[in-house]
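This report describes selected parts of one protein model for a reader who has not seen it before. It goes through a sheet, a covered strand and a loop residue in turn.

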Amino acid sequence: MPKLDLAQIPFQGGSSYPSKLAEATAGRFVQRIGDASGLTQSGINIVRIEPGGLSSLRHYHMQQDEFLVMLSGALTLIDDDGEHEMLPGDCASFPAGEANGHHLKNNTAAPATFLVVGTRTPTETAYYSDMDMKVEMDATGASFTRKDGSPLTADQIGDET
């Protein structure tokens, strides 16, 4: 098994969220170590969350499992059961199809990192717990709509009207 040189794999920012919703994850940076190692069946990333940042909007997956383990710092896991402090070594899992909207928030003054592993499927649907939004993903990319499939409105995505 080839050893990875993490120093050669850049952290990347950015989001696929539409319009101003992407601002919610401005403090998130992802190091795509699974891609760098050539893995195709699992997504494996190290995620760094800056102070005040979010890992994502609160969501859950229909086809893909998700597992994370804290590496450094402290984050707050927010899910349907409330808030949970996450410290190095703490783990959380989110089975596919379990409607438990989740994300991590950095409420501290220092960056924090976690390793996340997820299933890669040809298609995926995820729902957002705190808003009327879903995303459907396939080989062509991501399509964000309301949960009923109708288009998002400018008000929902924060665009000027």
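Four strands make up an open sheet in the order β4-β11-β12-β13, and their pairing is antiparallel. The edges of the sheet are taken by β4 (59-61) and β13 (141-145); each has a single partner strand, so one side of each is left without a neighbour in the sheet. From one strand to the next, the twist averages 20°. The model is a predicted one.

Within this sheet, strand β11 (residues 124-128) pairs with strand β12 (residues 133-138) in the antiparallel sense, over five bridges. In this pairing, E124 has M137 of β12 opposite.

**A covered strand**

How many residues of strand β6 (residues 75-79) are buried? Five of its five residues are, and the strand is described as mostly covered. The cover extends to both faces of β6: on one side L75, L77 and D79 are buried, and on the other side T76 and I78 are buried.

Strand β6 is joined to β7 by five bridges in the antiparallel sense. These two strands, β6 and β7, form a hairpin, with two residues between them. Strand β6 also runs antiparallel to strand β9 (residues 103-105), and three bridges join the two.

Residues from both sides of β6 appear among the bridge partners: L77 belongs to one covered side and T76 to the other. L77 has H84 in β7 as its bridge partner, while T76 has K105 in β9.

The table lists the strand pairs described above with their bridges.

| Strand pair | Sense | Bridges |
|---|---|---|
| β11 and β12 | antiparallel | five bridges |
| β6 and β7 | antiparallel | five bridges |
| β6 and β9 | antiparallel | three bridges |

**A loop residue**

Strand β7 (82-86) is followed up here through the loop between it and β8 (91-94), where G89 lies. Is G89 buried, exposed or partly exposed? Its relative accessible area is 48%, and since exposed means over 50% and buried under 20%, G89 counts as partly exposed.

Which residues does G89 contact, leaving aside its neighbours within four places in sequence? They are V69 and M70. As for K20, this residue and G89 are 69 residues apart in sequence, and the C-alpha to C-alpha separation in space is 33 Å.

Methods:
Residues numbered from 1 in each chain as written. Predicted model: local features only at pLDDT ≥ 70, side-chain atom pairs only at ≥ 80, totals over all residues. Heavy atoms only, no water. Pairing = 2+ DSSP bridges. Axes fitted to C-alpha atoms, helices over the stretch in contact; angles between N-to-C directions. Buried < 20%, exposed > 50% of the residue type's maximum accessible area, 1.4 Å probe, protein only. Contact = heavy atoms within 4.5 Å.
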